[in-house]
Amino acid sequence: MSWQTLLKGDPVPWLLERRDPAVRSLALRSLLDRGPRDPEVREAQQRAMSTPPISTILRQQQGDASWPGPGLYGPKYESTHWSNLLLVEYGVDPTDPRVRRAARYVLEQLGKPDMGGMGWVLERDHGASCFTGNVVRYVALAGYGSDERLEPLIARLVRDSKKFDAACWINDEQPCAWGYARLIWGLAALPESARTREVQRTLRRGVEFLLSFRVERGNYPSPYGTSYLWRQLSFPLFYQADVLFVLRALDAAGALDDDRAQPAIAWLLARQDPRGRWGGRAPYAARMPSKVDASKWVTLQVCTILKHAFGENAA
């Protein structure tokens with residue numbers, strides 16, 4: 001069977017609507033296998049760059065390539081770190097000069113004595129793998145995955161996993177599923193030239209940790225219990241994770257073929273509506289610079305996972 005036979009309806013025409021060019025661009029590439037030179041992909045990508053939510057974020061970029069706020073982190077979900085993260089999630093053109101300048105700005109700030117205001121994370125010897133993984137991802141996707149200024153962050157993620165099993169002070173020094181998911185998300189974006197043996201081992205450790213628990217249950221170590229977000233379908237998330245995001249991270253690491261991922265995929269399939277769509281939430285919409293149709297983005301991501309897990313003509 002193919003992945004489409006698992007759906008109760010066909011969501012692809014909805015995902016290809018021209019009024020949502022960012023979703024359309026990604027759907028053409030990830031679901032229809034169109035290449036970057038395909039005229040429809042190029043047209044959709046160009047329109048996405050000049051349409052909300054991408055245009056809203058880029059319009060707020062300042063002359064030095066940053067976004068308003070003290071340091072990289074604040075205000076939460078709006079400043080430089082978060083804007084870079086959102087742009088990548090929305091499928092921004094990574095070759096756009098504004099995107100590349102923003103990535104360079106982050107690298108430069110993290111290399112300064114005050115670490116872009118992130119000393120509260122980076123002066124500790126471990127923890128907050130979620131922050132570091134996110135930075136590695138958006139910097140790598142902007143074309144700086146082999147930049148020597150990124151190497152300390154990659155080394156930190158390797159150490160976080162190898163020595164501390166992604167434990168974090170915010171999680172009462174227990175291994176953190178959110179941290180491991182974002183760690184994988186970041187390292188999986190590195191170009192082959194930057195994927196050292198240690199990076200590959202770290203990816204495998206992260207995959208093993210996430211799949212050593214029932215992903216759909218979310219009963220990972222935590223003094224707070226399972227997050228209320230875990231079994232919802234949300235987009236976008238920032239440092240958080242849920243069932244869908246963990247599957248996206250596993251997909252990025254090439255681990256969807258592991259049998260232990262199947263119950264979580266089945267959990268997703270059971271939540272489609274009669275039209276073959278998934279309802280999504282944007283839990284932090286009130287603090288974000290632009291609104292999105294979370295259900296459309298979630299459906300795109302679920303369909304991409306199904307396509308990668310089952311293929312077009314899987315036996």
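The following legends describe four close-up views of a predicted model. Local features require pLDDT of at least 70 and side-chain atom pairs count only at pLDDT 80 or more, while totals for chains, interfaces and linings use all residues. Residues are numbered from 1 along each chain as its sequence is written, and side-chain values use heavy atoms, with hydrogens and water left out.

**View 1. The buried face of helix α3 and its surroundings.** Helix α3 spans residues 39-49; helices are DSSP runs of H or I with at least four residues, numbered from the N terminus. V41, A44, Q45, A48 and M49 of this helix are buried (buried, under 20% relative accessible area; exposed, over 50%; partly exposed, in between; 1.4 Å probe, protein chains only). Seen down the axis of α3, these buried residues fall within an arc of 135°, so they line one face of the helix; the arc is that of the directions from the helix axis to the C-beta atoms. They pack against α2 (21-30), α4 (54-59) and α6 (97-110), where contact means heavy atoms within 4.5 Å. P39 and Q46, on the other side of α3, are exposed. At the start of the helix, the backbone nitrogen of E40 has a side-chain oxygen of D38 within 2.9 Å.

**View 2. Cysteines C130, C168 and C176.** The structure holds zero disulfides, a disulfide being a pair of cysteine sulfur atoms within 2.5 Å. For C130, which is in no disulfide, the nearest cysteine sulfur is that of C168, 6.2 Å away. The sulfur of C168 in turn has its closest cysteine sulfur in C176, at 5.9 Å, too far for a bond. C130 is buried, with 15% relative accessible area, and C168 is also buried, at 6%.

**View 3. The crossing of helices α10 and α11.** The axes of α10 (residues 177-187) and α11 (residues 197-211) come within 9 Å and cross at roughly 145°. Axes are lines fitted to C-alpha atoms, for helices over the stretch in contact, and angles run from 0 to 180 degrees between N-to-C directions. On the α10 side, the contact is made by A177, Y180, A181, L183, I184 and L187. The α11 side contributes V199, T202, L203, R205, G206, V207, F209 and L210.

**View 4. The environment of T299 in helix α14.** T299 lies in α14, which comprises residues 294-310. This threonine is buried, at 0% relative accessibility. Not counting residues up to four places away in sequence, T299 touches P11, W14, L15, G276, R277 and W278.

Methods: Helices (H or I, at least four residues) and strands (E, at least two) are DSSP runs, numbered from the N terminus. A polar contact is a pair of N or O atoms within 3.5 Å; within protein, one must be able to donate a hydrogen and the other to accept it, and residues adjacent in sequence count only if both atoms are side-chain atoms.
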